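Q: Hi! Could you walk me through the aromatic contacts in this protein?

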Amino acid sequence: MGIPSADWLVRPIGPVDEAEVSAVLAERFGVTGTVHDLGSQQDRNYRVRTETGDYVLKIANPASDPAALRAQCAAVERLADASGLRLPRAHAGVDGEVVQRLSAGGVELVCRLLDYVPGEPIMDSRYLAPPVVARLGELAGRVVAGLADFAGVEQERPQLWDLRNALTVVETLAPHLPDQERAARVLRASRAAHTLLEPFVDRLPVQVIHGDVTDNNVVCEPAADGRRMPVGVIDFGDLGLGWTVAELAVTCASVLHHHGAGPASVLPAVHAFHAVRPLANEEVDALWPLVVLRTSVMVVSGQYDTLLDPGNGYASVALDREWAMFEAAVSVPAEVMTAQLRHALGRPSAQLLPVAEHTLLPGLPDDVASLDLSVSSEELHTGRWLAPDAETVLARATLTAGHTAVRTRHGEFRLTRTTVDVSVPAATCALGVELHLTGPAEIRAPWAGTVTRHGDTGVTLHTGGLDLLLDGVDAEVQPGPVVSGRRLGTVAAREGVRVLGIQLFRSCATGGRPPRFAPPELAAGWLEVCPDPTRLFLAPDAPDASSSAPYDAPLSARDAQQAVTEAELLERREHSFATVQEHYFETPPQIERGWRHHLVDTRGRGYLDMLNNVTILGHGHPGLGEAVHRQWRRLNTNSRFHYASVVELSERITGLLPAELDTVFLVNSGSEAVDLALRLAWAATGRQDVVAVEEAYHGWTYASDAVSTSIADNPNALASRPPWVHTVAAPNSYRGRHRGPQARRYAPEAAARIRELADQGRPLAAFVCEPYYGNAGGMALPDGYLRQVYEATRDVGGLCVADEVQVGYGRLGSHFWGFEQQGVVPDIVTVAKAMGNGHPLGAVITRRDIADAYRTQGYFFSSAGGSPVSSVVGLTVLDALRDEDLQTNAREIGAHLKGRLLELAERHALIGAVHGSGLYLGVEFVRDRESLEPATEETAAICDRLRELGVIVQPTSDRQCVLKIKPPLCLTRRSADVFADALDDVLTHGW
């Protein structure tokens, strides 16, 4: 096979003997040190270590022009003065020149000695987080801004990496590549991209650019969260004249091979570049075709280099990475990505549809009903949306109710397309509509065009770059030209159902048909390419016509409105909702639907809920919903009235506890429950002093907050305690003062402190503690801890309060109550959260004598505590826990999940420990397993990445380095594996 020849084709240099390299260093630069070959695609780079510092000796390809090399050094100096970046500044040789000549293997070469720029490159294909991608875009913007008026380059011949030559490069090299199937794909893609680019080539600004601000040519420093953040730019070997926007295209292309990356992954880079150097409209339109051309050039040039230099490992290793970039770049049409980029920058196109001269379905009645398949749909409740035929069932039900026609909605994010298998994100945005009919209907061409057929019942009407795709047609028309109003056929009947699929598509240079649904992250782009066809069959003044975007509106209007609504809602929250009531995540998804252990946002993205210990039964529980509905219709008042449900709930709760705990108070929350428990202890003992465990959270009311010692919830918790609150050390057997077997010392120390307080004249009213250490991440107390501390408390006349707000109700799997695991019986038990499955319901259970002592304080009353609705909620939750055997599920699935997590800990050093039992677990992250330095920032970043993968989880503990794993007890084995697999993915590929 012949090797092509062209000015811009450069033969790579072979290896240069390291002894020769050392000699050149000493002779030309007066430098001595050790030499290490760094590898390169066309040049040769050697790291030089000396006693005074590190350098890089860069031996240029024989084709390199010394003037161009001097220009590179000048460009670096220009940027060093203005950009604040770490850069490879050149060192002059002993003769004062930065470019030096040498002879190697009989070949005359030139070289330069550059500063070694400290930092790590992003050489592998690990995941790049949005902030990292944004930094890459920012660096590219800073480089072109710094070089905007740099005039030190005289480019006499075409350059391989100048994207103005991209199509020529591809067409020259592709025929000579060994894999001709791939070569053909690259050729087609390059020509299509060039076609889209041609209208702009004379309007795109040209300047000197770096030409290779990519993941491989930046150096990074690890941020606090462990992410590698770019801080410098190296390798100015591709410096030259080029389109300014090509700098950004090159950067975007380099993102595409990283783990989990897709076309939408580049958006942070585009935003960041634009913030530094604003993009003109024509540059936005040119950007994605240039990304396709860049990846195409990389594929063909990489294979070309391996043909010329089969032993060049650097070039060979890059081949798979370059192909991955190309595949990602062409995975969606360039027109779609251009529309998406315009939308992201607030510049949607305003293309209009041609005027319809005839109605598509002239016999269609005016009363076409509209199906609501969105996340907020009232018809798709109790998980019906999960059924594979949910759309058809709902459409038939609507037709049966008296309508003759029912339509779906264009641009709607359909709940029916959401998947609860979050490992496979769903395409949920409808790019067309379906029309369900009870009877026959004729179809006519809305405008003139050319008809083709696809499949048995598919017809496409082509009109000047716009396709009308119809599926479900008994076609009468033959392929070929048709006039406006021509009868195309009738809606086909299949098994008694008539459904017509209607979709508009602005033909793309790459050809093909559009998908029926788009992923949320690319919905804006696809909606511009696939405009709303509703006006073709529905009159503007027809009922519900307003649900479609205006016929002459910008094609992405519906999606833009949806996006603005979500952003505005968050802004309104910040203005009207106290900001100390924080939300999860910096840019939170808008969650409007839940089902079992899953959540769904407004764009139909499903999430696995590994966090929500409030909804113990799971979200959307049908039995609970029906019970509440029935009771609301009957009666809701306060517990001073006499009714059955409050009695039944009180009896059911006491029946789950030791016999002596026989009296119930019903309240609204865990905070109120703990507050009341302390007031009961004060009343019963006539004292106020309380001992609490450090690093614990008990609530927000005055008394419950006073005994809350977690600095995660209140940084001043320890310093702001009232004088009646005393603390004992957190019995943390993993990272506390006593660890492992020595954790047995916590109990006698706490008991001694309680007795010491009594000796000082401050005997306790109560000792309050979670019987399973929740705030630390679901950690068991040392064996015998509560037995010893309860004994000391009672010896001084105090009462023992077990805060079961988080751990109670079977979450441990092995025990219904946390205190059972310690083999003790408290005097007072508090419970909430799980008790109401999210409904505001809590309880305090104690002995009759303690309850009666409250009479000395007056009487107790809670307006909603124990109301008929709240009592029915409590009873229904207990029924479901029993009937669905959720405690057993917590035990079995929790054991399986903990086993998976322990296995991850063996492979990932960041996991210091796995705590907990049942579905009350915690994964603690540490930077060092010896020092136990908490990986706080890493934990937050891991939670962000898990959310991107469809898993909702958050940090806990005073150090915020523990994953809080407290999902609904209906969690399945499959979902437990999805979570473990997602965590493995993040720890393996980065966050």
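A: Happy to; here is a short chat about ring pairs and charges over rings. This is a predicted model, where local features need pLDDT of at least 70, side-chain atom pairs count only at pLDDT 80 or more, and totals for chains, interfaces and linings use all residues. Residues are numbered from 1 along each chain as its sequence is written, and side-chain values use heavy atoms, with hydrogens and water left out.

Q: How many aromatic pairs are there?
A: The whole-structure search finds 11. Rings of Phe, Tyr and Trp (its six-membered ring) pair if their centres lie within 6.5 Å; planes under 30 degrees apart are stacked, over 60 edge-to-face, and the rest tilted. One of them joins Phe665 and Phe860, edge-to-face at 5.6 Å centre to centre with 85° between the planes.

Q: Is Phe665 buried or exposed?
A: Phe665 is buried, at 11% relative accessible area. Phe860 is partly exposed, at 30%. Buried means under 20%, exposed over 50% and partly exposed in between (1.4 Å probe, protein chains only).

Q: What about Tyr702 and Trp724?
A: They form a tilted pair, 6.3 Å centre to centre and 55° between the planes. Tyr702 is exposed at 53%, while Trp724 is buried at 5%.

Q: Which residues do ring pairs link into a cluster?
A: Tyr809, Phe816, Trp817 and Phe819.

Q: Switching topic: which ring does Arg182 lie over?
A: Arg182 lies over the face of Trp323, 4.1 Å from the ring centre. A charge sits over a ring if NZ of Lys or CZ of Arg is within 6 Å of the ring centre and within 35 degrees of the ring normal.
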